[in-house]
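Here is a guided reading for someone meeting this structure for the first time. Please keep the sequence and the 3D view at hand while reading.

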Amino acid sequence: MDWFLRDFDHPAYFTIYADKAADAALEGPALAALLDLPAGSRVLDLPCGWGRLNPHLRARGLETIGGDRSPLNLKKHRACHPVPLVCLDFRALPFRPACADGVFCAFTSWGYFASEEENLRQLTEFARVLRPGGVLLLDLAGRAFLQAAMVGVEGDWLEFPDEGYQERVQWSPDRRRIRTERLCQGEAFCHDIWIPTDAEVRACLDQAGFEVAQVYGELDGRPWTEEAERWIYRAIRR
Ligand SMILES: C[S@@+](CC[C@H](N)C(=O)[O-])C[C@H]1O[C@@H](n2cnc3c(N)ncnc32)[C@H](O)[C@@H]1O
């Protein structure tokens with residue numbers, strides 16, 4: 001089974017990422033502002049997860065439709081934030097071409113697939129469902145920041161006793177992907193995510209049919225730097 005089908009659709013996910021609920025109060029308004037679409041715009045929240053950012057999109061008057069592959073996340077979303085939701089896969093979105101004004105892709109939700117073709121396919125699907133002039137906000141972890149954070153701890157098992165899990169982080173041998181192994185609730189999990197360079201993100205966006213309008217380096221909208229923790233691309237559908 002692909003790692004992303006299992007890791008995100010397990011109760012342990014909500015334990016490991018418990019702090020992301022509180023982070024939403026900061027991330028939601030900031031990312032919704034960087035998306036920068038007028039009230040009334042139709043925004044596909046892909047992936048929506050359990051909906052932690054949804055109230056902040058709606059607070060700006062955006063009409064949201066959430067999509068995610070995890071039934072467990074969608075069930076929690078439905079209970080907390082009952083808006084239109086669809087169970088879907090990034091590689092074949094069940095939406096009409098040009099039906100949306102915006103696609104909101106938050107919290108490092110690209111690069112999950114093993115092949116470059118599938119990762120590009122996710123972006124071409126985003127482009128297909130956006131109207132010309134529509135906006136994609138792609139919020140990624142900065143590669144250099146991750147690289148620096150892993151120095152001295154790469155390959156070591158780290159304990160997070162309060163959160164209730166152990167974690168070991170390693171680059172793949174070609175240093176293109178990061179594998180994050182976790183032990184939680186007696187089970188083993190392993191994220192395996194492509195961590196692209198800025199040039200690779202821009203090349204894929206271009207190939208998928210996007211023009212990069214802005215790249216932000218943090219949630220507060222400061223300009224991109226190589227070392228920034230977040231690389232947030234605002235790209236326009238050609
Ligand atoms: C890191 S979470 C981010 C969720 C949300 N954007 C947030 O900020 O809370 C990644 C999400 O991607 C979903 N996902 C993973 N692979 C997917 C796929 N192939 N198609 C659709 N959703 C997928 C997972 O189920 C999970 O909810």
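## Unusual backbone angles

Ala98 is found in the loop between S3 and S4. In this predicted model, the phi of Ala98 is near 60 degrees, a positive value in a residue other than glycine. Ala98 counts as partly exposed because 15 other C-beta atoms lie within 10 Å.

Another loop, the one between strand S7 (165-171) and strand S8 (177-184), holds Arg175, and Arg175 also has a positive phi, of about 55 degrees, although it is not a glycine. With 10 other C-beta atoms within 10 Å, Arg175 is exposed. As background, most residues other than glycine have a negative phi, and most peptide bonds are trans.

## A cis peptide bond and the ligand

Leu46 and Pro47 are joined by a cis peptide bond, for which omega is about 5 degrees. Pro47 is placed in the loop that runs between strand S1 (42-45) and helix H4 (54-59).

Which residues are the closest to the ligand? They are Phe8, Pro47, Gly49, Ser70 and Phe107, out of 18 residues that surround the ligand. Sorted by character, the residues of this shell comprise 9 nonpolar, 5 polar and 4 charged ones.

## The sheet

An open sheet of 7 strands, with mixed pairing, follows the order S3-S2-S1-S4-S5-S11-S10. Its edges are formed by strand S3 (85-87) and strand S10 (210-216), each of which pairs on one side only. From one strand to the next, the twist averages 20 degrees. In general, strands of a sheet pair through backbone hydrogen bonds, either parallel or antiparallel.

One pairing can be followed in detail: strand S5 (residues 130-141) and strand S11 (residues 230-237) run antiparallel and are joined by 7 bridges. Within this pair, Leu138 of the one strand stands opposite Tyr233 in S11.

## Helices lying across the strands

Helix H3 (residues 19-35) lies across strand S4 (100-105), S5, S10 and S11, and the direction of H3 makes an angle of about 145 degrees with S5. Helix H5 (residues 71-80), in turn, lies across strand S2 (63-68) and S3, running at about 170 degrees to S3.

Which residues of H5 are buried? Asn73, Leu74 and His77 are buried there, and they lie on the same side of H5 because they cover an arc of only 95 degrees around the axis. The cover over the buried residues of H5 includes S2 and S3, whereas the face of H5 turned away from its buried side carries the exposed residues Pro71, Lys75 and Ala79.

## A buried tryptophan

Strand S11, already met as a partner of S5, also contains Trp231. Is Trp231 buried or exposed? Trp231 has 25 other C-beta atoms within 10 Å, and because a count of 20 or more is what makes a residue buried, Trp231 belongs to the buried class.

When residues up to four places away in sequence are left aside, Trp231 touches Leu140, Gly142, Asp198, Val201, Val215 and Trp224. Among these contacts is Val201, which lies 30 residues from Trp231 along the chain, while the C-alpha atoms of Trp231 and Val201 are separated by 9.8 Å.

How values were computed
Residues are numbered from 1 along each chain as its sequence is written. This is a predicted model: local features need pLDDT of at least 70, side-chain atom pairs count only at pLDDT 80 or more; totals for chains, interfaces and linings use all residues. Two strands pair if DSSP finds at least two bridges between them. Helices (H or I, at least four residues) and strands (E, at least two) are DSSP runs, numbered from the N terminus. Axes are lines fitted to C-alpha atoms, for helices over the stretch in contact, and angles run from 0 to 180 degrees between N-to-C directions. Two residues are in contact if their C-beta atoms, placed from the backbone, lie within 7 Å. A residue is near a molecule or strand if its C-beta atom, placed from the backbone, lies within 6 Å of it. Ala, Val, Leu, Ile, Met, Phe, Trp, Tyr, Cys and Pro count as nonpolar, Asp, Glu, Lys and Arg as charged, and the others, Gly among them, as polar. A residue is buried if 20 or more other C-beta atoms lie within 10 Å of its own, exposed if 12 or fewer, and partly exposed in between; C-beta atoms are placed from the backbone. The arc is that of the directions from the helix axis to the C-beta atoms.
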